[in-house]
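Visitor: I'd love a close look at one helix here and how its residues are placed. Could you walk me through it, and then through whatever surroundings help to put that helix in context?

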Amino acid sequence: MKTAPVIETSNQYIEFWNAVLVPKFNSWRHILAGGLHLHSAKVFPALPLHSGDRVLDIGCGWGDTAIELARRVGPVGSVVGLDCCSAFLEAGRADAAQAGLTNLTFREADVQTCKFEPVHDFCFSRFGTQFFENPVAGLRNMRSALRPGGSMTMIVWRARADNPWLTLSKEVLLRYLPAVKEDAATCGPGPFSMTEPEAVTRQLQIAGYTDARFERIDSEVLVGRDLDEAVAFQLAIGPAGEIYREAGRLAECRHGELVAALKEELKEFVRPEGVMMKSSSWMVTAQNPG
Ligand SMILES: C[S@@+](CC[C@H](N)C(=O)[O-])C[C@H]1O[C@@H](n2cnc3c(N)ncnc32)[C@H](O)[C@@H]1O
């Protein structure tokens, strides 16, 4: 099932998000949402939020962090959840209505280029900014939404080696399938594009922010309620899913072998609660000096 993009865009990454990743993310929401939540749950209590603040949630996806932000700023504050995929925003609107929130709206936009008023106290993003086609331009545009003295917090994945939940299965599949071609369609620079604090600090400086700080967040995340589900998840999502998808017919022909190899590799992570694997992110904070 394909979901056509509603916003006018020539951005191939946004088209890819809508056409390819929305159906996959929606199918795997019951796994993804819980794991991503663990990373924001560790930082939410310390976010610099006040009653009445105006806040943006950049690349908000299904909007669960936008809902938490809306509760934190209270009825006199306001939150706008922004994403380039209307199907995610529809889910956010439904959940916000069910939660009875009147201070939260959702807007479909390419956050790299859309126009902002410089009136917001705080920008938040959980795993959204890593997909900016041009990180400096995207981060600069995000800063244009902040008032002088406003701040931002983004959560981004740390190094591949610290995120076996996203990388181990890729190594397994590469024993059987070719690497993804350079010209394959993708969702942008990808989940590991902001792993290096030095490079990200430089990007933030060029984008006009000051006082960039990094704090490590580690968490074991559920990748499947049992081994079968964990293997299906790995074949659908992330770097392994990309290899599987791009290999097309070859992957289908070797499906049985791939499943057996993945089960062998993932079985050591089976716990009573399901298949649990390590994940690690950075909470990055920076200020808009104005
Ligand atoms: C990994 S998901 C994270 C979603 C959500 N923040 C969460 O943590 O559950 C990345 C999100 O960024 C959005 N995104 C990617 N590029 C974008 C862009 N240029 N403008 C707006 N949203 C974008 C995607 O549609 C997707 O919802």
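Guide: Happy to; we start with helix 4, then turn to the core, the ligand shell and two backbone angles. Please keep in mind that this is a predicted model.

Helix 4 takes in residues 86–98, which makes 13 residues. From its first C-alpha to its last it reaches 18 Å, close to the 18 Å expected at 1.5 Å a residue. Its buried residues are Phe88, Leu89, Gly92 and Ala96. Because these residues cover an arc of only 95° around the axis, they sit on the same side of helix 4. What do they pack against? Their partners are helix 1, helix 3 (64–73), strand 2 and strand 3 (104–108). On the face turned away from this buried side, helix 4 carries the exposed residues Ala94, Ala97 and Gln98. After the helix comes Gly100, with a positive phi near 75°.

Two of those packing partners, helix 1 and strand 2, lead us to the ligand. Its surroundings consist of 19 residues, and the closest are Gly59, Gly61, Cys84, Arg126 and Phe131. Helix 1 (12–27) and strand 2 (78–83) are the elements that give two or more residues to this shell. Sorted by class, the shell has 12 nonpolar, 4 polar and 3 charged residues.

Next, the nonpolar core. The largest one has 72 residues, and those touching the most other members are Val79, Cys123, Val156 and Val223. Take Cys123 as an example: leaving aside neighbours within four places in sequence, Cys123 is in contact with Leu56, Ile58, Met142, Ala145, Leu146 and Met152.

Finally, the backbone angles. Most residues other than glycine have a negative phi, so two residues deserve a look of their own. Phe127 is not a glycine, yet its phi is positive, about 60°. Phe127 lies in the loop between strand 4 (120–126) and helix 5 (135–143). Is Phe127 buried or exposed? Phe127 counts as buried, because it has 20 C-beta neighbours inside 10 Å, and 20 or more is the cut-off for that label. Asp211 also has a positive phi, near 55°, and is found in strand 6 (residues 210–224). With 11 C-beta neighbours inside 10 Å, Asp211 counts as exposed, the cut-off here being 12 or fewer. These two positive-phi residues thus differ in their setting: Phe127 is buried, whereas Asp211 is exposed.

Methods
Residues numbered from 1 in each chain as written. Predicted model: local features only at pLDDT ≥ 70, side-chain atom pairs only at ≥ 80, totals over all residues. Helix = DSSP H or I, 4+ residues; strand = E, 2+ residues; numbered from the N terminus. Near = placed C-beta within 6 Å. Nonpolar A, V, L, I, M, F, W, Y, C, P; charged D, E, K, R; others polar. Expected span 1.5 Å × (residues − 1). Arc of directions from axis to C-beta. Contact = placed C-beta atoms within 7 Å. Core = buried A, V, L, I, M, F, W, Y, C linked by C-beta atoms within 7 Å.
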